[in-house]
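Subject: A structure for you to look at

Hi,

Here is the structure I promised to pass on. Have a look at it first, then read my notes underneath.

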Amino acid sequence: PLVAAQLVRLLVVDPIISQHVPEDLGTQLSREQQVAVVKGVHELRDHIEYDEIVGRAPRLSEGQLQARLKDRARELELEQHKESRRAVGNIMGDILFVGALSAS
């Protein structure tokens, strides 16, 4: 049953979601997802600051730093939206699989 459920998701649900659900789902991130993005941005800031302190990297201007942090925030937001799409796909796949099992 587990293999069949995965096949339903892979062959039926994922293509439908890829075609009809936008990348960012047109929604705001949940509070938990926002916290994950902020945490990732803070980790990057800390990493950059550490590299500057120990002399591994030149000091960035405020504009350069903000641009890197903004880019990272966008990457992390996209990852969170992809995770949401996967969750929607898993739910739809489970519903289709259960429906198919109960119909047979």
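A quick term before we start: helices here are DSSP runs of H or I with at least four residues, while strands are runs of E with at least two. Counted that way, the protein chain has three helices and zero strands, so its elements read α-α-α from the N terminus on. Keep in mind that this is a predicted model.

On overall shape, the radius of gyration is 20 Å, whereas a compact globule of 104 residues would come in near 13 Å. The C-alpha atoms fill a box of roughly 65 × 25 × 20 Å along the principal axes. Buried residues account for 22% of the 104.

Now zoom in on α2, which covers 31-53. This helix has 23 residues and spans 33 Å from first C-alpha to last, close to the 33 Å expected. Its buried residues include Val37, Val41, Leu44 and Ile48. Why might buried positions recur along a helix? An α-helix has 3.6 residues a turn, so residues three or four places apart point the same way. Part of the cover over the buried residues of α2 comes from α3.

Those four also belong to the largest nonpolar core, a group of nine residues that includes Leu65, Leu69 and Leu76 too. Both α2 and α3 (62-103) give this core at least two residues each. Try clicking on Leu44: beyond its neighbours within four places in sequence, Leu44 contacts Arg68, Leu69 and Arg72.

One last thing: just after α2, Gly55 has a positive phi of about 85°.

Cheers

Key
Residues numbered from 1 in each chain as written. Predicted model: local features only at pLDDT ≥ 70, side-chain atom pairs only at ≥ 80, totals over all residues. Heavy atoms only, no water. Core = buried A, V, L, I, M, F, W, Y, C linked by side-chain atoms within 4.5 Å. Buried < 20%, exposed > 50% of the residue type's maximum accessible area, 1.4 Å probe, protein only. Contact = heavy atoms within 4.5 Å. Expected span 1.5 Å × (residues − 1). Rg over C-alpha atoms; globule rule 2.2 N^0.38 Å.
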